[in-house]
Each structure stands twice: as structure tokens, then as C-alpha cells.
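This report is for a reader who meets the structure for the first time. It begins with the open and enclosed spaces and then turns to the sheet, a helix and some details of the backbone.

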Amino acid sequence: MTFRLKAGFSFGGWIEEIVNPDKGNDLIPEGIATFSDEYYLFKAFLSGMKNSCIANPNPSVGCIIVKNNKIISYGCTEKWGDRHAERVAFEQLPADLLEDSTIYVTLEPCSHVGKQPPCVNLFQNKKIKKVVIGCKDPNPLVSGEGIKILTGQGLAHPNFTFANEIKAFNYPFFIQQEKKRPFFALKWAQTLDGCLADDLNGWKWISGEMSRKYTHWLRQKYDAILVGAGTVLNDYPSLDIRDLDIQFKRNPIKMIYDPGGKILSCSIEQQQKLKDKTLKSKQKIILFICENILSKFANKTNNDWLKFIFDNEKIIISQIQTTMPVTESIQSSIEKINFIQEFGRPFQSVLVEGGPRLLSAFIEENNFDLIHLFIAPFFLGGEKNKLFSKITKSLIKNETKEINKEKRYYIANKAFLNNDILLEIMQNNN
């Protein structure tokens, strides 16, 4: 599955709506005529962006109802288990207003019974003109059946002008439906010479303000952020949402990859910084630690720091296998966690934010679905904090690479975020 996005769109959605919401809602994509089906599908797309942080593992679908060239109702998928976008839009109106209206919905209405009734039933006997559908649903329980039912009622008008943009915005949902596994996206900011930080481990700020706003929007779209213990003990990141002009509705789950148990044996000063920042959380945090390392610390019950870690109801320790590749062991551990029990919802996606060794492992083992890459226009020099660096001890084999043997990826999107370049890169399966 590879595709390219129209100007102004990204895997996070309509870029202007993310970084400049006061302006973004007034702009429309180039070449789209006002009051056309494409115009209203775009407005439905913007509606679908409103709950992208809480809808998953469902897709965040947008729906609008138009009558006499006026939008009379908006809907967006609610949190998992609650109403779909179509039902939200319909229940805001009395039935008589639906007559002679047109429905615009970004994703094919569902035709099966899940936690909600089938959305296709909403359109029956309402004297609606037509239902304009922006993209086919990849769910095998739907997958064209909703369009088929609405076609039989004389209502279906598929319009796939923004199908790629809808897929991109809901890409974790599309991949999970296809692959039946968690979705992994990689994100980093780098200089023109490929440095993710300087050789003194300073990284604030490589990218500019607009890039950081986009990054925080991405964070709230994904279920979890994954970082390595080295990054945590160097930067003590809070891994939460900041710098957004629009309201966000949840922080992602914090995940820390610490195979050697560095956090378990860190200094008193480091312990306090962790308590004050990274481990300060209202929701649960997941630590991935090798099983043989855990056994070495299990009986040290007289250690206050270990008691804080092991007895903390907010910290979930997940054992990883040393016999498996790095990313495979992480994925396996994630799949063993009961997320509905621990977090009240199924799990779908991970944003891997670093550091360079962990990112390099995901690339080397080819275990990712998407890259969000921010390139800042300056040179830094140094070798320590680059992908595949031979100076920093790595999680991967630092073998000499040959051009003709390396896999090339697919650039699905490129955009300017002020003076930074955003590249969003997919696996090339062609």
C-alpha cells in the first residue's frame, strides 16, 4: 500500500488545521470548488480530525449533513465503544430536517453489528438525496458491503477524491486491519548532516516551533510513545502533549525500552529526576526489561528505589526475550499486555521517538510502517547521535552497507513547516 498525498495534507491530517487552527478551517485544497461534493467531503475530513486522539482503535470518521448548500450538522467518531460519526450527526437533528439533505462521510458506513448498530440503517426511509462516501472501509466485516447496501437504496455516491488522505489520517487502522498487529511509526528530527543531537547529547531544539506543534499533534494520535532508556536518562522527557493551539483529549501511554535495567540501577539524582518528569504520570507506564535482568533485582526488597518501581501500581513491567530481535521482542511483549484491562481500550499504535539506537534497530529489522522525519536547515557536525552510528554502542550490527543491496522507501508526503522539511515515508511494497 503506497500512495502520495495532496498538497496541504499529511498523515496527521490537514496541516494548517493542526499548526494554525484559526486559519486552517477557512482554507481549502487547491482545485476544489466551493459547495462541490469535494468541498463538503473536505469539511467532513476536518470534522473527523476532532476526535482522532480518542477514537482509535476505530477510525476517526467525519460526517456532515448539508441542505441547501448549508452544513446543518457535524459528527465525528466518539471514543471506542461510543457513537460513530454518522449517528452523532443524525442525533443532533429532528428527522424532518433530513429530508432532501446530502450526507458526506469520510469512510464507508459500517454494515455490521459491533459495539454500535450498523450505520447504514440510519439512512433508510429518511428521504435523503444521497450519501457521498470518501473511502472504502478495509474492515473485512464491511469492505464494500456498506456501499453495496446504500447502492441498493439508490443513495451511494462514492467519491474517492480524498481517499488517500483519509487512509493516511487513519493509517494505523488500515494497517491493523491488514496486518493484524500493532502499528509502528518512527519519528525524529535531524540536521542536514543527519545529527539527532550534538555530541554533548544536546537536542533542544533541532526543529522549529511549527514542527514541534505537529509532533505533539502526532503524539496524541498514537496510543503510545516508545523511547529507549538511554534517551530517558539523558533527557528525562515528559513524553506528554504540549505546544498545541487546539485542545487535546489524552496523553499517550509512555513506554520505555530498558533491556539492561539501567533505570533499576540509576543514581539517586537520576531517580529524583525520573520521579519529577518521565515517571510522573496519572496513567500507567510500561517498562520493557529483559527477564534475566529482572531476576537479578527481584529480591532487593530493602531498596527504596526498587520498591518504588516494583510496587508502583502505575508502572507495568513487561519482560522481553533476549533470544528475539529487538523490535520483535518489543512487539511480542506489547501483544501480551491486556490493554483493555490496564487502560480501558484495545491497543493499536506506537510512535517510536528515539534515541538513535532504538530507531536504527527498527529500521535495520524493517519493523515499522511509517516514518515522520523532520529536517532542519543547518549542519551540526559530530558522529555520536546519528542513525547507525559506530561511535555509540548500538542495538544492531554495524555492518558496512552497500548501495545496491539497500531497500528504498516511498516518500508519500513532503511539506514545509516554516523552515523545516517534513518527509513522511512508507514501506515500499512494490
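The largest pocket has a volume of about 1100 Å³, where a pocket, on a 1 Å grid over the protein atoms alone, is an open set of points with protein on both sides within 12 Å along at least five of seven lines, and lining residues have an atom within 4 Å of a point. The model is a predicted one, in which local features need pLDDT of at least 70 and side-chain atom pairs count only at pLDDT 80 or more, while totals for chains, interfaces and linings use all residues. Residues are numbered from 1 along each chain as its sequence is written, and side-chain values use heavy atoms, with hydrogens and water left out.

Of the 45 residues that line the largest pocket, Thr-231, Asp-235, Glu-353, Gly-354 and Gly-355 are the closest to its centre. Helix α9 (229-235) is among the elements that supply at least two residues of this lining, and α9 gives the most, with five residues; helices (H or I, at least four residues) and strands (E, at least two) are DSSP runs, numbered from the N terminus. A cis peptide bond, with omega about 10 degrees, joins Gly-354 and Gly-355, and Gly-355 has its place in the loop between β13 and α15.

The structure also holds four cavities of 30 Å³ or more, a cavity being a set of grid points where a 1.4 Å probe fits but cannot get out. For these volumes, grid points are joined across faces, edges and corners, and a volume is the space filled by probe spheres set on the points. The table gives the two largest.

| Cavity | Volume | Lining residues, among them |
|---|---|---|
| Largest | about 100 Å³ | Ser-52, Asn-56, Phe-169, Lys-221 and Gln-348 |
| Second largest | about 40 Å³ | Phe-11, Tyr-171, Lys-221 and His-372 |

Asn-56, which helps to line the largest cavity, is joined to Pro-57 by a cis peptide bond with omega near 15 degrees, and Pro-57 lies in the loop between α3 and β3.

Five strands form an open sheet with mixed pairing, in the order β4-β3-β5-β6-β7; two strands pair if DSSP finds at least two bridges between them. At its edges are β4 (70-76) and β7 (156-158), each of which pairs on one side only. Within the sheet, strands β5 (residues 102-105) and β6 (residues 130-133) run parallel and are joined by four bridges, and Val-105 has Ile-133 as its bridge partner in β6. Helix α3 (residues 37-48) lies across β3 (62-67), β4, β5 and β6, at about 135 degrees to β3, with contact meaning heavy atoms within 4.5 Å; axes are lines fitted to C-alpha atoms, for helices over the stretch in contact, and angles run from 0 to 180 degrees between N-to-C directions.

Helix α13 (residues 326-336) is largely enclosed by the rest of the structure, because eight of its eleven residues are buried. Buried means under 20% relative accessible area, exposed over 50%, and partly exposed in between (1.4 Å probe, protein chains only). The buried residues of α13 include Val-326, Ile-330 and Ile-334.

Two residues other than glycine have a positive phi: Asp-100, near 65 degrees, and Asn-418, near 55 degrees. Asp-100, in the loop between α4 (85-90) and β5, is partly exposed at a relative accessible area of 43%, whereas Asn-418, in the loop between β15 (410-417) and β16 (420-426), counts as exposed at 59% relative accessibility.
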